[in-house]
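Thanks for asking me to look this one over with you. Here are my notes, as numbered points you can follow with the model open beside you.

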Amino acid sequence: MKRSTKPIICCGFTPCVQRILEFKKVEKGAVNRAVNATIGIGGKGANVARMVSQLGSSAELVEFVGGPNGRLLEKMLMAEGIGFRHLEVEGETRVCQTLLEEGGPDATELVEEMPPISASDWQRMLELFQTLDLFGAVVAVSGKLPAGAPEEGYAVICQLVAEKGASVLLDTQGTPLLMALPHRPMLVKINEAELRAATGEAKLLDGCRRLRALGAQSVLITRGSQPAFYMDDFQTVELVPPKIKAVNPIGSGDAVTAGIAVALNAGEPMGRAVVEGMACGAANALNLLSGFLRPADVARLKQEVVLQSVGE
């Protein structure tokens, strides 16, 4: 893939304002008082766009927003210098909350669903895509479709993007994922649970083969702190992530997407790009705020990603 000077198009149609609440301990059924609260930008597409920018590349974020929360989200994006093309809808942009316990390795997420969009909202989004300069671009499509969007929504976007000469990195699940596969996304990046749900296959490699048979040019299956699996026409490898002490793992999957997108935009082959992505996933987990990484951490952690061939 040749180096591109175009911004990476980051699509996340269900953005949110993210509140991170820190506790000494969280007890179910009791009054829990946070010792600290942080408000930031949330949603998979926004996370990808922010980390693309942090890695030194240009991003253009495409989303739906609504209400005062939508204005707050845009204010925070502008403060970080993130370019966006938002469509205003009637529903209020959601607020999601992450609960962290002192010394605890896991995060608890309280996730609001985005209010449904209308058929005309979705049509306006497709019209917006027609105005984007997509030839030779990398397009990262992340997250669930919003309620009210057609199940074939991502299939239509993948077809449109392919026809305009762009490459799609697809991170979604269920029927919208399966319907998009015939349009040959360059990479499908999902987690192990999403793979099993989409394919019905108990074995990881069988699930990867199934996605590729349905149209995915390559597949990356992330598994948190466990090794990820990558498969394309030429190789099947296991990627062992760096060993870190995670602060907040939320957003690490989006960091993987951002790292891959930046590497591909710079002309790197997919084999190197997925290593970059794994380093970014680990770098994101070192920070309290999701969607944040330091390039110095990425450069260091990239040397610690281990590739192991997997026999098919």
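1. Let's begin with Pro 269: is this residue buried or exposed, or in between? With a relative accessibility of 42%, Pro 269 falls in the partly exposed class, because that class covers the range between under 20% for buried and over 50% for exposed. Please keep in mind throughout that this is a predicted model. Pro 269 sits in the loop that links helix H8 (252-265) to helix H9 (270-284). Its C-alpha lies 15 Å from that of Ala 258, a residue eleven positions away in sequence.

2. Helix H8 is worth following from there. H8 lies across five strands: E1 (8-11), E8 (138-142), E9 (167-171), E10 (187-191) and E11 (219-223). Relative to E9, H8 runs at about 170°.

3. Those strands belong to an open sheet of ten strands with mixed pairing. If you trace the sheet across, the order is E5-E4-E1-E8-E9-E10-E11-E12-E13-E14. Which strands stand at the edges? They are E5 (83-88) and E14 (306-309); each has a single partner strand, so one side of each has no neighbour in the sheet. On average, neighbouring strands here are turned by 20° against each other, direction ignored.

4. Now look towards the E14 end of that order. Strand E12 (residues 226-231) and strand E13 (residues 236-240) form a hairpin, with four residues between them. The two strands pair in the antiparallel sense over four bridges, and one pair to find is Met 231 with its bridge partner in E13, Thr 236.

5. E13 has a partner on its other side too, as the strand order shows. Four bridges join E13 to E14, and these strands also run antiparallel. Here Val 237 has Ser 309 of E14 as its bridge partner. How much of E13 is covered? Most of it: four of the five residues in E13 are buried.

6. Gly 45 makes a nice contrast with Pro 269. Gly 45 is part of helix H1 (residues 44-54), and at 2% relative accessibility it counts as buried. What does Gly 45 touch, leaving aside residues up to four places away in sequence? Its contacts are Cys 10, Cys 11, Gly 12, Leu 61 and Ser 142. For Cys 11, 34 residues away along the chain, the C-alpha to C-alpha separation from Gly 45 is 5.1 Å.

7. Do take a look at the backbone of Arg 184. Most residues other than glycine have a negative phi. Arg 184 instead has a positive phi, near 60°. This arginine is in the loop between helix H5 (174-180) and E10, and its relative accessibility of 45% makes it partly exposed.

8. Finally, a word on the second largest pocket, which holds about 310 Å³ of space. Which residues come closest to its centre? Of the 18 that line the pocket, they are Glu 101, Glu 102, Gly 103, Gly 104 and Val 247. Strand E2 (16-23) and strand E6 (94-101) are the elements that give two or more residues to this lining. By class, the lining of the second largest pocket has nine nonpolar residues, six charged ones and three polar ones.

How values were computed: Residues are numbered from 1 along each chain as its sequence is written. This is a predicted model: local features need pLDDT of at least 70, side-chain atom pairs count only at pLDDT 80 or more; totals for chains, interfaces and linings use all residues. Side-chain values use heavy atoms; hydrogens and water are left out. On a 1 Å grid over the protein atoms alone, a cavity is a set of points where a 1.4 Å probe fits but cannot get out, and a pocket is an open set with protein on both sides within 12 Å along at least five of seven lines; lining residues have an atom within 4 Å of a point. Grid points are joined across faces, edges and corners, and a volume is the space filled by probe spheres set on the points. Ala, Val, Leu, Ile, Met, Phe, Trp, Tyr, Cys and Pro count as nonpolar, Asp, Glu, Lys and Arg as charged, and the others, Gly among them, as polar. Buried means under 20% relative accessible area, exposed over 50%, partly exposed in between (1.4 Å probe, protein chains only). Two strands pair if DSSP finds at least two bridges between them. Axes are lines fitted to C-alpha atoms, for helices over the stretch in contact, and angles run from 0 to 180 degrees between N-to-C directions. Contact means heavy atoms within 4.5 Å.
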